[in-house]
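Q: Please take a close look at one part of this model, the part held together by charged side chains, and describe its surroundings in one connected account.

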Amino acid sequence: MIQFTALEAQAGGGLFGMMLPLILMMALMYFLMVRPQKKREQKLRDQINAVKVGDEIVTIGGIRGRIFNIQNDEVTISSSVQNTLITFKKSAISAILTQTAETANKTTAAASKESPAEEGEKKPGLLGKIMGKTEDKE
């Protein structure tokens, strides 16, 4: 005959009780650290795939330059006044500083969908929102 006591029930539930905080910490770490990093990486990949000739970039080595030529997965940049040309892989791009008008228009159009304010319209500042006034920009 098998006897099941309250002490044995606590011991079995204790394993789950010890694992639950660990699982919750892992889930919290995923949502606070891993997921935002993946979003940033995806955004950078999208920007790298959208670069055009004339965009200004920074490489992972810290070299700044303007894109001179793009072929498949290689990019050639002009990095100084003497037009020093350097060729490297697209994956070596760490940041895009400025974009050509064509690429910038795409990002501006996406941003304008989120905030449909006209360019000539005055937007209130924080204090203006509180006081009901608009901010003059000159």
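A: E56, R64 and R66 are linked in a network of salt bridges. A salt bridge here is a side-chain nitrogen of Lys or Arg within 4 Å of a carboxyl oxygen of Asp or Glu. Side chains of opposite charge can pair when their charged atoms come close. The structure is a predicted model, in which local features need pLDDT of at least 70 and side-chain atom pairs count only at pLDDT 80 or more, while totals for chains, interfaces and linings use all residues. Residues are numbered from 1 along each chain as its sequence is written, and side-chain values use heavy atoms, with hydrogens and water left out.

Within the network, E56 meets R64 in a salt bridge of 3.0 Å, N to O. E56 also forms a salt bridge with R66, where the closest N and O atoms are 3.2 Å apart. This second pair links distant parts of the chain, since E56 lies in strand β1 (residues 56–59) and R66 in strand β2 (residues 64–71), 10 residues apart. Helices (H or I, at least four residues) and strands (E, at least two) are DSSP runs, numbered from the N terminus. E56 counts as buried because its relative accessibility is 18%, the classes being buried under 20% relative accessible area, exposed over 50% and partly exposed in between (1.4 Å probe, protein chains only). R66, at 41% relative accessibility, is therefore partly exposed.

The count of salt bridges comes to four. One of them joins E74 to K89, with the closest N and O atoms 3.8 Å apart. This pair, too, links distant parts of the chain: E74 is in strand β3 and K89 in strand β4, 15 residues apart. Both residues are partly exposed, E74 at 32% relative accessibility and K89 with a relative accessible area of 40%.

The two strands that carry this pair, β3 (residues 74–78) and β4 (residues 85–89), pair in the antiparallel sense over five bridges. Two strands pair if DSSP finds at least two bridges between them. T76 has T87 in β4 as its bridge partner. Six residues lie between the strands of this hairpin, and N83 takes a positive phi near 55 degrees.

Strand β1 also holds T59, which counts as buried because its relative accessibility is 7%. Leaving aside neighbours within four places in sequence, T59 is in contact (heavy atoms within 4.5 Å) with I77, F88, A92, I93 and S94. On the same basis of leaving such neighbours aside, I57 has contacts that include R64, I67, I77, F88 and I93.

I57 also belongs to the largest nonpolar core, which has 10 residues: I48, V51, I57, I67, V75, I77, F88, A92, I93 and I96. The elements that give two or more residues to this core are β3 and β5 (93–98). A nonpolar core is a set of buried Ala, Val, Leu, Ile, Met, Phe, Trp, Tyr and Cys residues joined through side-chain atoms within 4.5 Å.

A further charged residue, R45, has its place in helix α1 (residues 6–49). R45 is partly exposed because its relative accessible area is 44%. The side chain of R45 makes a polar contact of 3.0 Å with the side chain of Q42. A polar contact is a pair of N or O atoms within 3.5 Å; within protein, one must be able to donate a hydrogen and the other to accept it, and residues adjacent in sequence count only if both atoms are side-chain atoms.
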